[in-house]
Amino acid sequence: MSERHVWRFAEAGRCLAAAATVMGLHVPAFRTPPRVAGLDRTIRRGPDGSALVSVRSRGRRWPAVLADMIEGVVAANGLDPPEAARVRDELWQATEDIDAPATALAESLELPLSGNTEVRQAA
(Lines give C-alpha, C1' and ligand atoms only; values in the text may rest on other atoms or scores of the structure.)
Protein backbone atom coordinates (compact mmCIF):
# COMPACT_ATOMS: atom_id res chain seq x y z
CA MET A 1 0.00 0.00 0.00
CA SER A 2 1.39 3.40 -0.90
CA GLU A 3 2.37 5.88 1.77
CA ARG A 4 -0.21 8.37 0.48
CA HIS A 5 -2.95 5.72 0.69
CA VAL A 6 -2.01 4.94 4.31
CA TRP A 7 -2.02 8.66 5.12
CA ARG A 8 -5.48 9.11 3.55
CA PHE A 9 -6.88 6.10 5.42
CA ALA A 10 -5.60 7.44 8.75
CA GLU A 11 -6.77 10.98 8.00
CA ALA A 12 -10.21 9.70 6.98
CA GLY A 13 -10.45 7.80 10.26
CA ARG A 14 -9.63 10.97 12.22
CA CYS A 15 -12.12 13.07 10.24
CA LEU A 16 -14.89 10.49 10.58
CA ALA A 17 -14.24 10.11 14.31
CA ALA A 18 -14.39 13.87 14.85
CA ALA A 19 -17.58 14.25 12.81
CA ALA A 20 -19.26 11.28 14.51
CA THR A 21 -18.38 12.71 17.92
CA VAL A 22 -19.92 16.08 17.01
CA MET A 23 -23.10 14.29 15.87
CA GLY A 24 -23.25 12.35 19.14
CA LEU A 25 -22.59 8.99 17.47
CA HIS A 26 -20.55 6.03 18.64
CA VAL A 27 -17.09 6.24 17.08
CA PRO A 28 -15.78 2.92 15.74
CA ALA A 29 -12.10 2.11 15.34
CA PHE A 30 -10.78 1.59 11.81
CA ARG A 31 -8.19 -0.83 10.45
CA THR A 32 -7.10 -2.29 7.18
CA PRO A 33 -7.37 -4.99 5.89
CA PRO A 34 -10.25 -7.11 7.24
CA ARG A 35 -9.25 -10.43 8.80
CA VAL A 36 -11.72 -12.28 6.58
CA ALA A 37 -10.20 -12.82 3.13
CA GLY A 38 -12.31 -11.77 0.17
CA LEU A 39 -14.43 -9.18 2.01
CA ASP A 40 -14.15 -5.44 1.45
CA ARG A 41 -15.59 -4.44 4.84
CA THR A 42 -16.27 -6.18 8.14
CA ILE A 43 -17.51 -4.95 11.50
CA ARG A 44 -16.49 -6.65 14.70
CA ARG A 45 -18.25 -5.72 17.92
CA GLY A 46 -16.61 -5.97 21.32
CA PRO A 47 -18.33 -7.09 24.52
CA ASP A 48 -18.15 -3.50 25.77
CA GLY A 49 -20.17 -2.20 22.80
CA SER A 50 -17.14 -1.02 20.84
CA ALA A 51 -16.97 -1.55 17.09
CA LEU A 52 -14.02 -2.19 14.78
CA VAL A 53 -14.59 -1.40 11.11
CA SER A 54 -12.07 -3.18 8.88
CA VAL A 55 -11.83 -2.05 5.27
CA ARG A 56 -9.81 -3.51 2.41
CA SER A 57 -7.88 -0.68 0.79
CA ARG A 58 -5.28 -2.47 -1.33
CA GLY A 59 -6.22 -2.61 -4.99
CA ARG A 60 -9.32 -0.44 -4.59
CA ARG A 61 -10.10 3.09 -5.63
CA TRP A 62 -10.08 5.63 -2.82
CA PRO A 63 -13.79 6.62 -3.09
CA ALA A 64 -14.79 2.96 -2.57
CA VAL A 65 -12.58 2.70 0.51
CA LEU A 66 -13.97 5.93 1.96
CA ALA A 67 -17.55 4.84 1.21
CA ASP A 68 -16.95 1.63 3.17
CA MET A 69 -15.52 3.60 6.10
CA ILE A 70 -18.57 5.89 6.12
CA GLU A 71 -20.93 2.93 5.84
CA GLY A 72 -19.08 1.35 8.75
CA VAL A 73 -19.94 4.34 10.96
CA VAL A 74 -23.59 4.09 9.91
CA ALA A 75 -23.71 0.33 10.55
CA ALA A 76 -21.85 0.58 13.88
CA ASN A 77 -24.53 2.99 15.08
CA GLY A 78 -27.49 0.97 13.75
CA LEU A 79 -29.11 4.04 12.20
CA ASP A 80 -32.57 4.00 10.63
CA PRO A 81 -32.79 4.98 6.92
CA PRO A 82 -33.72 8.68 7.27
CA GLU A 83 -31.08 9.30 9.93
CA ALA A 84 -28.54 7.15 8.08
CA ALA A 85 -28.91 9.28 4.93
CA ARG A 86 -28.38 12.50 6.90
CA VAL A 87 -25.32 11.08 8.67
CA ARG A 88 -23.81 9.79 5.40
CA ASP A 89 -24.14 13.26 3.87
CA GLU A 90 -22.45 14.89 6.86
CA LEU A 91 -19.65 12.32 6.91
CA TRP A 92 -18.97 12.81 3.18
CA GLN A 93 -18.77 16.57 3.81
CA ALA A 94 -16.41 16.01 6.74
CA THR A 95 -14.01 14.06 4.52
CA GLU A 96 -14.17 16.08 1.30
CA ASP A 97 -10.92 17.96 1.95
CA ILE A 98 -8.75 15.00 2.98
CA ASP A 99 -6.39 15.40 0.03
CA ALA A 100 -6.11 19.19 0.39
CA PRO A 101 -3.03 19.25 2.71
CA ALA A 102 -1.14 16.67 0.63
CA THR A 103 -2.04 18.44 -2.62
CA ALA A 104 -1.02 21.85 -1.26
CA LEU A 105 2.32 20.45 -0.10
CA ALA A 106 2.99 18.77 -3.45
CA GLU A 107 2.11 21.95 -5.36
CA SER A 108 4.34 24.08 -3.14
CA LEU A 109 7.47 22.01 -3.74
CA GLU A 110 9.88 23.49 -6.25
CA LEU A 111 12.02 21.34 -8.49
CA PRO A 112 15.76 21.97 -8.13
CA LEU A 113 16.30 23.14 -11.72
CA SER A 114 18.64 25.92 -12.76
CA GLY A 115 17.27 28.71 -14.90
CA ASN A 116 18.74 27.36 -18.15
CA THR A 117 17.85 23.71 -17.70
CA GLU A 118 15.91 22.13 -20.54
CA VAL A 119 13.42 19.44 -19.60
CA ARG A 120 12.74 17.07 -22.47
CA GLN A 121 9.22 15.93 -22.99
CA ALA A 122 8.56 12.21 -23.24
CA ALA A 123 7.51 11.01 -26.66
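**A tour from Arg8 to the nonpolar core**

Begin by selecting Arg8, which lies in helix α1, spanning residues 3–22. The model on display is a predicted one.

Keep Arg8 selected and consider its surroundings. Is Arg8 buried or exposed? Arg8 counts as buried because its relative accessibility is 14%, and the cut-off for buried is under 20%. Beyond residues up to four places away in sequence, Arg8 touches Trp62, Ile98 and Asp99; display these three side chains next.

Now extend the selection to the whole of α1. This helix has 20 residues and reaches 29 Å from its first C-alpha to its last, close to the expected 28 Å. Arg8 is one of its buried residues, and others include His5, Phe9, Gly13, Cys15 and Leu16. Which elements cover the buried residues of α1? Among them are the strands β1 (29–31) and β3 (51–55), together with the helices α2 (62–77) and α3 (81–94). Just after α1, pause at Gly24, where phi is positive, at about 75°.

Next, select Leu16, Phe30, Met69, Val73 and Leu91. These residues have the most contacts inside the largest nonpolar core, which has 22 residues. At least two residues of this core come from each of α1, β3, α2 and α3. The greatest contribution is that of α2, with 7 residues.

Finish by centring the view on Phe30. Which residues does Phe30 contact, leaving aside neighbours within four places in sequence? They are Phe9, Gly13, Leu16, Leu52, Val53, Met69 and Val73. Of these contacts, Phe9, Gly13 and Leu16 are also among the buried residues of α1.

Key:
Residues are numbered from 1 along each chain as its sequence is written. This is a predicted model: local features need pLDDT of at least 70, side-chain atom pairs count only at pLDDT 80 or more; totals for chains, interfaces and linings use all residues. Side-chain values use heavy atoms; hydrogens and water are left out. Helices (H or I, at least four residues) and strands (E, at least two) are DSSP runs, numbered from the N terminus. Buried means under 20% relative accessible area, exposed over 50%, partly exposed in between (1.4 Å probe, protein chains only). Contact means heavy atoms within 4.5 Å. The expected span of a helix is 1.5 Å times one less than its number of residues. A nonpolar core is a set of buried Ala, Val, Leu, Ile, Met, Phe, Trp, Tyr and Cys residues joined through side-chain atoms within 4.5 Å.
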